[in-house]
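Dear colleague,

Please find below the structure I am handing over to you. I should be grateful if you would read the notes that follow alongside it.

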Amino acid sequence: MNRIDSLFGRLRSQGKRALMPFITAGDPDLETTLEVIAAMVGAGADMVEVGFPYSDPIADGPVISESYTRALRKGVRLAGVFATLAAARARIGETPLVGMVSYAIIHKMGVESFLEAATASGLDGLIVPDLPVEEAEALGASMQQRGLALIQLITPTTPADRALRIARSTTGFIYYVSVAGITGERKALPAELASSVARLREQVDLPVCIGFGVSTPEQIRELADLADGLIVGSAIVRRFAEPKPREELVAEVARFVAELAAPLATIGRS
């Protein structure tokens, strides 16, 4: 069974929710990426999302876009990213790893070559934000043969019939975008978020994870009853913007992840 499926099966049986932090591979360097992944898991992350740096991301706000730029300027390449993920897999055991990657990167390397490398590196799934559902069937089939989940996005503006089509072609979990627009921290999330996610969860069996704008322990606590998992990106990635010693950066990120995980620790207890 895919590690993502195993995780959500276990958490659902316990009435718990998953915390899924995001970082960019290679920002500030791949050695730090490895240490941060291990530290986040140690601090309470249930799953880790790793962004593949890309020069023209379509859904990312300035914090993550600038992180991608920093990584690319350092000369980060796919081979290095996959090697780092493989090293991380050896350190984090069965904790799922998910890649956020543009289809342009997959296409350039070649679908089969990319998926072979992704599987060998220990990835459990891919989020491909620029791949429309109409064109996802072939990639999804190839991924399913390798035990990889194709995680797709549904937004607040996605029509109901299209949302169901996306859900039916998704494996692993549904990535529900909490706000229309790009990634980034937000002080408040939309009032209609609860009803939108509730409707979706009534129609699908897959876990639903909320991302985009989730940035504080308070928001984690607020959303815990709505979703199966919470994704936090920009609030973590902005900590990489200013140069600092690796040990200090790793410790800072780990402390923040522990703060995000704290509200979820008591859920499911009798």
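The notes below concern strand E9 and its partners, and then the residue Asp124. Please bear in mind that this is a predicted model.

Strand E9 spans residues 229–232 and is covered on both faces. Gly229 and Ile231 lie on one side, Leu230 and Val232 on the other, and all four are buried. This arrangement may be read against the general rule that side chains in a regular strand alternate between the two faces of the sheet.

E9 is paired with two strands, E1 and E8. Strand E1, residues 18–24, runs parallel to E9 and is joined to it by four bridges; within this pairing, Met20 has Ile231 as its bridge partner. Strand E8, residues 208–211, is also parallel to E9, with two bridges between them, and Cys209 stands opposite Gly229. Between E8 and E9 the chain passes through helix H10, residues 217–223, in a β-α-β crossover that is right-handed.

Asp124 belongs to the loop that links helix H6 (111–121) to strand E4 (125–127). Asp124 has a relative accessible area of 4% and is therefore buried, the cut-off being under 20%. Its side chain makes a polar contact of 2.7 Å with the side chain of Arg3. Beyond its neighbours within four places in sequence, Asp124 is in contact with Asn2, Arg3 and Ile4, with Arg89, with Thr95, Pro96 and Leu97, and with Gly147, Leu148 and Ala149.

With kind regards

Conventions: Residues are numbered from 1 along each chain as its sequence is written. This is a predicted model: local features need pLDDT of at least 70, side-chain atom pairs count only at pLDDT 80 or more; totals for chains, interfaces and linings use all residues. Side-chain values use heavy atoms; hydrogens and water are left out. Buried means under 20% relative accessible area, exposed over 50%, partly exposed in between (1.4 Å probe, protein chains only). A polar contact is a pair of N or O atoms within 3.5 Å; within protein, one must be able to donate a hydrogen and the other to accept it, and residues adjacent in sequence count only if both atoms are side-chain atoms. Contact means heavy atoms within 4.5 Å. Two strands pair if DSSP finds at least two bridges between them. A crossover is right-handed if, with the strands pointing away from the viewer, the path from the first strand over the helix to the second runs clockwise.
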